[in-house]
Amino acid sequence: MWKWLHPYAEPQRAYRLAGKFIPWLSILAILMLLTGTTWGMVFSPTDYQQGDSYRIIFVHVPAASMSMSAYIGMAIAAFIGLVWQIKLADWMAASIAPIGAVITFIALVTGSTWGKPMWGTWWVWDARLTSELVLLFLYLGVISLYASFEDKVLAARAAGILSIVGVINIPIIKYSVDWWNSLHQGSIKMTGKTAMPPDMLVPLVINILGFGVMIGALSLIRFRSEILARNGMRPWVRELALAEGAK
Amino acid sequence: MQAQFQSVSDFLNMGGYGFYVWLSYGVAYVSLAILIGFTLTRKGRVLKEIAAKAKREQRLAQHRSAKE
């Protein structure tokens with residue numbers, strides 16, 4: 001049943017296949033982020049409580065939610081790599097980690113610059129903020145573990161175990177605002193009396209999806225470089241290197 | 001749909017929260033730009049390294065066969 005998948009587990013095919021998706025995902029990500037951001041920044045109504053400071057939401061929430069999704073993606077790839085010993089999955093996990101770290105950093109900084117005018121402080125050590133900071137450290141841990149072994153099979157195993165164990169942090173981030181008292185507001189409601197109006201919700205959802213597509217495109221670009229870096233001895237990579245790398 | 005701001009300076013002012021709003025967007029987009037920059041140039045760096053290694057090995061092989 002899974003036989004048709006097998007050829008894609010070959011590095012050269014995966015390299016080519018990833019290359020086909022990259023331009024489309026990139027264009028889609030740019031279009032979505034332009035639409036969502038322009039809509040949110042210019043056309044969405046001003047919030048009755050927070051004024052225009054709430055417009056930070058159109059970068060903060062996409063970054064924060066995608067920092068968690070990217071982590072889950074990385075952990076799934078690491079799990080596949082660890083259990084079935086598929087190197088391509090390990091390389092995908094290694095490709096996602098730096099992107100996730102930057103997205104998490106953006107979530108923390110934009111949250112901080114939103115917290116200052118609304119809460120009166122850049123930072124509090126409450127559950128939501130602290131667990132998101134832990135997420136950044138998890139990403140940095142995965143990156144440095146992967147980088148610190150010369151033997152990349154061993155490196156991927158060490159980094160993979162850390163990323164799988166770190167998944168425990170994801171539900172803690174997600175439900176922290178329900179489980180503990182926090183300065184941070186609760187989850188956005190889609191329905192009911194306190195639901196977010198469509199003029200704010202639609203551009204927000206567009207930006208969340210846009211961030212997701214952008215992370216997908218960047219992951220594939222890094223994945224391709226990672227395939228090349230790990231297959232430097234293969235003839236097809238050597239040919240490519242001598243043709244392109246010599247310039 | 002209607003623009004919420006009367007002028008460009010009104011837009012930049014962000015109802016008095018301009019500093020915080022533009023600081024957050026600035027940091028976000030600058031970090032994204034750095035990430036994208038490193039991501040796009042990595043392939044070239046990797047290939048250059050592999051090409052250098054391949055050439056070195058070719059030279060070594062030539063040297064060896066010339067000696068024999």
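A helix here is a DSSP run of H or I at least four residues long, a strand is a run of E at least two long, and both are numbered from the N terminus. With that in hand, chain B is quick to sum up: two helices and zero strands. Keep in mind as you look around that this is a predicted model. Its overall scores are ipTM 0.90 and pTM 0.92. Chain B itself averages a pLDDT of 92, and 99% of its residues score at least 70.

Let's stay with chain B for a moment and look at its outline. Its C-alpha atoms fill a box of roughly 80 × 25 × 15 Å along the principal axes. The radius of gyration tells a similar story: a compact globule of 68 residues would come out near 11 Å, but chain B has 26 Å. As for cover, 26% of the 68 residues of chain B count as buried. The chain exposes about 4,700 Å², and carbon and sulfur atoms supply 60% of that area.

UniProt, in an unreviewed entry, lists residues 20-40 of chain B as a "transmembrane region". In the model, what does that stretch look like? The span 20-40 of chain B is 100% helix and 0% strand, with its end C-alpha atoms 30 Å apart.

Now slide back towards the loop that joins the two helices of chain B. Met14(B) sits there, between α1 (8-13) and α2 (18-67). Its backbone is worth a click: Met14(B) has a positive phi of about 50 degrees, although it is not a glycine. Is Met14(B) buried or exposed? Its relative accessibility is 0%, and buried means under 20%, so Met14(B) counts as buried.

Some aromatic rings of chain B are also worth a look. Ring pairs link Phe5(B), Phe11(B), Trp22(B), Tyr25(B) and Tyr29(B) into a cluster. Phe5(B) counts as buried because its relative accessibility is 11%, which is under the 20% cut-off.

Over all chains, the structure holds 13 aromatic pairs. One of them is formed by Trp123(A) and Trp125(A), which meet edge-to-face at 5.4 Å centre to centre with 80 degrees between the planes. Why does the pair Phe5(B) and Phe11(B) count as edge-to-face too? Planes over 60 degrees apart earn that label, and the planes of Phe5(B) and Phe11(B) are at 75 degrees, with the ring centres 5.3 Å apart. Back at the tryptophans, Trp123(A) has 26% relative accessibility and so counts as partly exposed. Trp125(A), at 66%, counts as exposed.

That brings us to chain A. It has eight helices and zero strands, so to speak an all-α run from the N terminus on: α-α-α-α-α-α-α-α. The C-alpha trace of chain A spans about 65 × 40 × 35 Å along its principal axes. Of its 247 residues, 51% count as buried.

The record has more to say about chain A. An unreviewed UniProt entry lists residues 18-184 as "domain: Cytochrome c assembly protein". In the model, residues 18-184 of chain A are 80% helix and 0% strand, and the end C-alpha atoms are 39 Å apart. UniProt also places the feature "transmembrane region" (unreviewed entry) at several spans of chain A, among them 21-43 and 154-173. Residues 21-43 of chain A are 100% helix and 0% strand, with end C-alpha atoms 32 Å apart. Residues 154-173 of chain A are 90% helix and 0% strand, and there the end C-alpha atoms lie 30 Å apart.

Chain A has a positive phi of its own to show. Gln85(A) is a residue other than glycine, yet its phi is near 50 degrees. You'll find Gln85(A) in the loop between α2 (57-84) and α3 (87-119) of chain A. Is Gln85(A) buried or exposed? Anything over 50% relative accessibility is exposed, and Gln85(A), at 66%, therefore falls in that class.

Two last stops in chain A put a basic side chain over a ring. Lys152(A) lies over the face of Tyr146(A), at 4.8 Å from the ring centre. Arg224(A) lies over the face of Tyr15(A), at 4.0 Å from the ring centre.

Key. Residues numbered from 1 in each chain as written. Chains lettered and ligands numbered in written order. Heavy atoms only, no water. Phe/Tyr/Trp six-rings, centres within 6.5 Å; stacked < 30°, edge-to-face > 60°. Buried < 20%, exposed > 50% of the residue type's maximum accessible area, 1.4 Å probe, protein only. Lys NZ or Arg CZ within 6 Å of the ring centre and 35° of its normal. UniProt positions renumbered as here; feature names shortened; annotations may be inferred. Rg over C-alpha atoms; globule rule 2.2 N^0.38 Å. Areas by Shrake-Rupley, 256 points an atom, 1.4 Å probe, with all protein chains shown as cover. pLDDT = per-residue confidence, 0-100.
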